[in-house]
Amino acid sequence: NREHDLLGEHRGCTDAKIMLSVARRARCGVPAARCMSSLVKVSPTMAKLIRDMGLEGVYITPSGPKDTVTKPDIDAAAAAKAAKDKELAKPLTIDFRPMEGWELDYYGTAPTLPTSATTSAGELLEYYETMYTMRRMEIATDVLYKGKFVAGFCHLYDGQEGVGMGLEAAATMTDSIVTSYRDHCYQYTRGSTVAEVLGELLGKYIGPAKGKGGSMHMYKADNNFYGGNGIVGAQTSLGAGLAFAHKYAEDGGVAFALYGDGAANQGQLFEAANIAALLKLPVIFVCENNQYAMGTSLARGSACTDYYTRGQYMPGIKVDGMDVLAVREAVKVAKELAKEGPVMMEMDTYRYHGHSMSDPGITYRTRDEVASVRAARDPVALVKSWLIDKELATEAEVKGIEKRVRKVVDEAVAKAKAATPPPPGELTRDIYVGKYEHPRMVNVGPGPQGGPA
């Protein structure tokens, strides 16, 4: 809004600064770029009031002498913000492709599968920013890998953001997630910064696994993310174990065990599903069906491609994994069912990159196929179309989000590159819990806390 002033960052300052009215200066013929660099002072009392009212970063028009901010100015800004928040929270309904169910009455009365979701402009803006961050982070990873900054295997998630965002939108931090090696975005949604994720990829000490895990071994136990796993399908057994822990602790949480359509044929999935059914564990087995098991298409690798029906002694749900709202609503239903026992879900999705960075992804499918999916079903573009077509946000507002995200990712890349690798003393740490094993026949220096050499 050109009639307002942008409150500058002022935490820790004796007297805060705000930007002068762009509209006022513009009317005097001052270019916008110069307007935004002109600053005035805010008294410490007003700065504290701004913080207390949660107006940091909110546009405020000063009306006091020499363009100083007064309490009425702050009250007016608070009222404008409340009105804007109310507008952003206004509910709207969006329809999506019908889901498919399997044995939904297995635990009793079958739930009704929704065909629409209630959302709001504010919610969709949050989803778009998160999903666009996922996309840009994975694109940055692609560039870093091709620049030989990333060592080892690397599997990207672009194209599947609707699954990750939709699942997180329905889950809580009490719920556990364990997934395959396509794990970067879950590390981000579970609380790590983009710089920390990229730092792990680059083998830097700022990474969630201290740079020792790399792409396939992200981890954030404090927010119940139990990482990526390099062994195909092995995470499904861990998911059953996490569900056992939730049931034992009676904390109300459920465990999400995510795997691909290729891993759907692994024996440990069926073993995990069997024990979960016997013990009635609150686990949701989520098949992220991106259509190809490495380079093998569904029809060539699976006798039954209805992956949501594979748990013959538990309910199943299939949903459009490219639609974040459909995923969210399906996961809500699955979480309710999981109170009685395991559930099997299938997310119909698609990956844009090859199986891993060493796979060009076009030897078993055509460029036209990938392009057609992007054009018709892209999960990030879908949310953007809702925002603009339904006039929930302007194109300028959406571009503002994209510009901000690109800046965050660019800065994260620079930070990750500049970060230090783990010190030599980390070589034998984290092998045993709470114990440091003295390295033998290894010439290393002291650990990061001055531990033994």
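This note goes through a pocket, a surface patch and several salt bridges in a predicted model.

1. The second largest pocket. This pocket has a volume of about 270 Å³. It is lined by 22 residues, and those closest to its centre are Tyr181, Gly260, Gly262, Ala263 and His355. In kind, the residues of the lining divide into 8 nonpolar, 10 polar and 4 charged. Two strands, β7 (255-260) and β9 (292-293), each supply at least two residues of this lining.

2. Gly260, one of the residues closest to the centre of that pocket. A reader who wants a starting point in the lining may take Gly260, which has its place in strand β7. With a relative accessibility of 24%, Gly260 counts as partly exposed, because that class takes in values between under 20%, which is buried, and over 50%, which is exposed. The C-alpha atom of Gly260 is separated by 9.4 Å from that of Glu346, although the two residues are 86 residues apart along the chain.

3. The nonpolar patch. On the surface, Phe244, Tyr248, Ile275, Leu278 and Leu279 form a nonpolar patch, and together these residues have about 560 Å² of accessible area. Two helices, α9 (234-249) and α10 (267-279), each supply at least two residues of the patch, and α10 gives the most, with 3 residues. Tyr248, which is found in helix α9, has a relative accessibility of 70% and therefore counts as exposed.

4. Salt bridges in the whole structure. How many salt bridges does a search of the whole structure find? The search finds 25 salt bridges. As a general matter, side chains of opposite charge can pair when their charged atoms come close. Among the residues concerned here, Arg97, Asp320, Asp348 and Arg377 are linked in a network of salt bridges.

5. Asp430 and Lys210. Asp430 forms a salt bridge with Lys210, and the closest N and O atoms of the pair are 3.2 Å apart. Asp430 lies in the segment after α15 (395-418), whereas Lys210 lies in the loop between α8 (194-201) and α9, so the pair ties together parts that are 220 residues apart in sequence. As for accessibility, Asp430 is exposed, with a relative accessible area of 51%, while Lys210, at 27% relative accessibility, counts as partly exposed.

6. Asp430 and Lys212. The side chain of Asp430 also meets that of Lys212 in a salt bridge, with 2.8 Å from N to O. This pair, too, links distant parts of the chain, with Asp430 in the segment after α15 and Lys212 in the loop between α8 and α9, 218 residues apart. Lys212 counts as partly exposed, its relative accessibility being 37%.

7. Lys220 and Asp222. Another salt bridge is formed by Lys220 with Asp222, where the closest N and O atoms are 3.5 Å apart. Which of the two partners is buried, and which is exposed? Lys220 is the buried partner, because its relative accessible area is 18% and buried means under 20%. Asp222 is the exposed partner, because its relative accessible area is 60% and exposed means over 50%.

Methods:
Residues are numbered from 1 along each chain as its sequence is written. This is a predicted model: local features need pLDDT of at least 70, side-chain atom pairs count only at pLDDT 80 or more; totals for chains, interfaces and linings use all residues. Side-chain values use heavy atoms; hydrogens and water are left out. On a 1 Å grid over the protein atoms alone, a cavity is a set of points where a 1.4 Å probe fits but cannot get out, and a pocket is an open set with protein on both sides within 12 Å along at least five of seven lines; lining residues have an atom within 4 Å of a point. Grid points are joined across faces, edges and corners, and a volume is the space filled by probe spheres set on the points. Helices (H or I, at least four residues) and strands (E, at least two) are DSSP runs, numbered from the N terminus. Ala, Val, Leu, Ile, Met, Phe, Trp, Tyr, Cys and Pro count as nonpolar, Asp, Glu, Lys and Arg as charged, and the others, Gly among them, as polar. Patches are made of residues with over 30% relative accessible area and no salt bridge: like charges are joined within 9 Å, nonpolar side chains (Val, Leu, Ile, Met, Phe, Trp, Tyr) within 5 Å. Accessible areas come from the Shrake-Rupley method with a 1.4 Å probe; for residues, only the protein chains shown count as cover. A salt bridge is a side-chain nitrogen of Lys or Arg within 4 Å of a carboxyl oxygen of Asp or Glu. Buried means under 20% relative accessible area, exposed over 50%, partly exposed in between (1.4 Å probe, protein chains only).
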